[in-house]
Amino acid sequence: MTEEQSAKGALSCSGCGIQLQSEQQDKPGYTPVQALEKDPVICQRCFRIKNYNESSSVTVEQDEFLRLLSQIGERQALVIHIVDIFDLQGSVISGLKRFVGNNPVLLAVNKTDLLPKVTNWNKVKNWVQKEVKELGLKVEDIILCSAKQSSGFDRLLDAVATHRDNRDVYVVGATNVGKSTLINRLIHDYSDLDQELTVSRYPGTTLDMVHIPLDDGGSIIDTPGIMYASRYSELVSPEDLSIIMPDKPLKPVVYQLNEGQSIFFGGFGRFDFIKGDRQSFTCFVSGRIPFHRTKLERADELFATHAGEMLAPPSKENLTKLPEWTRHEFRIAKGSRSDVFISGLGWIKINGDTGAVVAVHVPKGLKVMVRPSLI
């Protein structure tokens, strides 16, 4: 760092917000001395993510995330909480009220481009409203949007204008929900700054609060994404992350199953139809994951013999890095419209109305639950 820069105070990375340093290459904020002369300046980690699509092992501890979030409650702020429609229950920040105090919250439900095109959006919004209420989250408004396709963006900006009241805007969310993509749109539309946040599919891209001054004197503040180990996206390797995270509209796959049949989702998980009348099940998962149907009585042996080969991805090597599988059994009531939801992997819709007993096998610690059907 030059003497002139030292006199101005420490520099921050314009991509992830971390304080820059040139001494320790394995620590957050490292950037070569010569790169500090550039404007805007980014750390080596952001440079590699942007230019080579590399992941990084540099992350911020959970306690640090929570410390940064808790600052919001001490300020006058409008909070935009971004969640992922593909992983709603996994991406909602539990106990958000604890962090934001009495500040108003807008819920931006991102990645709606992943849902099938025939989706009834009014029903989706009503479904989200009921689910977030069930999760104890109070919001001023719910906006369905796609940062990738810029749809719903005008409605979000209108909601911000309505509820902002000259306050700074804080954007919060779990990792991989699309925060940085959405904020870059805000920067593009409302600021003349030559700055962009680092956008990547890897967890924990934003490492510190990033302040973006707006032309009206206020600021947008991007906060680090909270990493939840209960989501598949936090567990898998970078190459498997690009497989389980869909980037195109989901193509539902329907199976007619008799009791005593199982479906493998590559080597990521397994769904068992244990008991019930013959009925159909619709699988909403990434199109890159291959399916394999088999008899329930053969399923354990099949996984033991073929995991990482016929049942892949993940590879054998990547499977060893995941927790051991655990079994979750559910009784689906007659006449209920239900999904069996696996955080970060997708969901299985139960189409029959005669009831069923089903089970899911996934790595230990993942959030698995039955919820009212989204679609």
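K251 sits in the loop that runs between helix α10 (238-244) and strand β7 (253-257). In this predicted model, K251 is exposed, its relative accessible area being 70%. Together with K117, K148 and K248, K251 forms a positive surface patch.

Charged residues also meet in pairs. Side chains of opposite charge can pair when their charged atoms come close. In total, eleven salt bridges are counted. One of them joins D141 to K125, with 3.9 Å between the closest N and O atoms. Because D141 belongs to strand β3 (residues 141-144) and K125 to helix α6 (residues 121-134), this pair ties together parts that are 16 residues apart in sequence. Both ends of the bridge can be placed with respect to the surface: D141 is partly exposed at 28% relative accessibility, and K125 is partly exposed with a relative accessible area of 32%.

A second salt bridge links K316 and E309, whose closest N and O atoms are 3.1 Å apart. Here K316 has a relative accessible area of 45%, so this lysine counts as partly exposed. Its partner E309 is likewise partly exposed, with a value of 49%.

The setting of R231 and E234 is another matter to look at. These two residues form a salt bridge with the closest N and O atoms 3.5 Å apart, and both of them are buried. The pair also belongs to a network of salt bridges in which D87, R231 and E234 are linked.

Turning to the backbone, the loop between α11 (296-306) and α12 (316-319) contains P313, and P314 is found in that loop as well. The peptide bond leading from A312 to P313 is cis, with omega near -5°. The bond that follows, from P313 to P314, is cis too, with omega near 0°. Readers tracing the chain can thus find two cis peptide bonds in succession here.

Positive phi values offer further points of interest. D165, a residue other than glycine, has a phi near 55°. The place of D165 is in the loop between α7 (153-164) and β4 (168-173), where this aspartate is exposed, with a relative accessible area of 61%. N176 is not a glycine either, yet its phi is positive at about 65°. This asparagine lies in the loop between β4 and α8 (179-190). At 11% relative accessibility, N176 counts as buried, whereas D165 is exposed.

Methods:
Residues are numbered from 1 along each chain as its sequence is written. This is a predicted model: local features need pLDDT of at least 70, side-chain atom pairs count only at pLDDT 80 or more; totals for chains, interfaces and linings use all residues. Side-chain values use heavy atoms; hydrogens and water are left out. Patches are made of residues with over 30% relative accessible area and no salt bridge: like charges are joined within 9 Å, nonpolar side chains (Val, Leu, Ile, Met, Phe, Trp, Tyr) within 5 Å. Accessible areas come from the Shrake-Rupley method with a 1.4 Å probe; for residues, only the protein chains shown count as cover. A salt bridge is a side-chain nitrogen of Lys or Arg within 4 Å of a carboxyl oxygen of Asp or Glu. Lys and Arg count as positive and Asp and Glu as negative; His and the chain ends are not counted. The place of a charge is taken as NZ of Lys, CZ of Arg, CG of Asp or CD of Glu. Helices (H or I, at least four residues) and strands (E, at least two) are DSSP runs, numbered from the N terminus. Buried means under 20% relative accessible area, exposed over 50%, partly exposed in between (1.4 Å probe, protein chains only).
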